[in-house]
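Let us walk through this structure step by step, beginning with a pair of helices and moving on to the charged side chains.

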Amino acid sequence: MVKIDMKNPIANISQRKAAMVVGIAFIISLFIVIIVDDLLLANFVVPGDTAALASDIETNGRLFGFAVVGYLLVLALDSIIGLALYVVLKPANKKLASLTAVLRLLYACTLVIGLFALAFQIIDVYGYASIKLLGYIFFALHIFILGYSVLKSGYIPKSLGILLIFASFTYIVFFVDLHLPETLQVIIMLTMLVAELSLSIWLLLKRDKIPEMKS
C-alpha cells in the first residue's frame with residue numbers, strides 16, 4: 001500500500017511528474033496571458049481615473065470579468081509551477097529550489113493583490129501597472145535563481161540555465177526606460193519567452209533524465 005503524507009502533498013509528487021506539470025502548466029498559462037493581455041485588458045487603459053475605469057468596467061463588465069478570471073487562472077498556474085519546480089530542483093539543491101518556489105509565489109501573490117485592487121476600482125490601470133512592476137522584480141529574481149539552479153543541477157542542460165540567467169537580466173526593460181528600438185524590444189520579449197518555454201519543453205520531453213528522490 002502506498003503511504004500518502006496528507007500534511008505535505010507536495011512530497012507525494014515524483015520529480016518526473018512535477019516536470020510534466022511545469023511544462024503543461026506553463027504552456028497553458030502562456031496562451032491565457034496572450035488572450036488576457038492582448039485582447040481583453042487592452043480595452044481598459046484608462047488614464048489615471050478610477051471613476052472612468054468604473055464606468056468602462058460597467059460598460060464592458062463581462063469582458064473585464066473574463067480578464068480577471070483569466071488572470072486568476074494564470075496566477076494559480078504560476079503557483080503550481082513554483083511548487084512543481086521546487087520538486088524538480090530539490091535533488092540538486094533543496095535551499096535553491098525553495099528560494100525559486102518562494103519568489104514565484106511572491107510574484108503570483110503580488111499580482112493577485114493588484115488584480116483585486118483593480119477589480120474593486122481601488123486603483124486604476126496605471127496603479128495596477130506599478131504593482132505589476134513590483135511583481136516583475138520578484139519574477140526576474142525567480143528566473144535568475146531558476147537559471148542558476150538549472151546550471152548547477154547536473155541533470156538539466158547547462159545551456160538552459162545560461163539562457164534563463166540571461167533572460168533574467170532582460171527584465172530591466174520593465175524597470176528602466178532605455179528608449180530601445182521597437183525591434184530590439186521584440187527580441188528581448190522573445191528571449192524571455194524562449195528561455196522559459198525551452199525549459200518547459202525540455203521538462204516535458206526529457207523528464208526521464210531527472211533523478212527521482214525519495215521524500
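Angles between helices run from 0 to 180 degrees between N-to-C directions, and the axes are lines fitted to C-alpha atoms over the stretch in contact. In this predicted model, helix α6 (residues 158-170) packs with helix α8 (residues 182-205) at an angle of about 150°, and their axes lie 9 Å apart. The crossing in which α6 passes α8 is left-handed. On the side of α6 the contact is made by residues including Leu160, Leu163 and Phe166, while α8 contributes, among others, Ile188, Met192, Glu196 and Trp202. The residues of this contact divide into 11 nonpolar, 3 polar and 1 charged.

Glutamate 196 of α8 also takes part in a salt bridge, with arginine 104 of helix α4, a residue 92 positions away in the chain. The closest N and O atoms of arginine 104 and glutamate 196 are 2.4 Å apart. Arginine 104 forms a salt bridge with aspartate 78 as well, at 2.6 Å between the closest N and O atoms, and that pair joins helix α4 (residues 94-119) to helix α3 (residues 61-89). Asp78, Arg104 and Glu196 are thus linked in a network of salt bridges. Is this network made of buried or exposed residues? Arginine 104 has a relative accessible area of 2%, aspartate 78 has 5% and glutamate 196 has 9%, so each of them counts as buried, which means under 20%.

A further salt bridge joins glutamate 212, in the segment after α8, to arginine 16 in helix α1 (residues 15-40), with the closest N and O atoms 3.7 Å apart. Here glutamate 212 is partly exposed, at 40% relative accessible area, and arginine 16, at 29%, is partly exposed too.

Key: Residues numbered from 1 in each chain as written. Predicted model: local features only at pLDDT ≥ 70, side-chain atom pairs only at ≥ 80, totals over all residues. Heavy atoms only, no water. Helix = DSSP H or I, 4+ residues; strand = E, 2+ residues; numbered from the N terminus. Left-handed = near helix turned anticlockwise from the far one by under 90°. Contact = heavy atoms within 4.5 Å. Nonpolar A, V, L, I, M, F, W, Y, C, P; charged D, E, K, R; others polar. Salt bridge = Lys/Arg side-chain N within 4 Å of Asp/Glu carboxyl O. Buried < 20%, exposed > 50% of the residue type's maximum accessible area, 1.4 Å probe, protein only.
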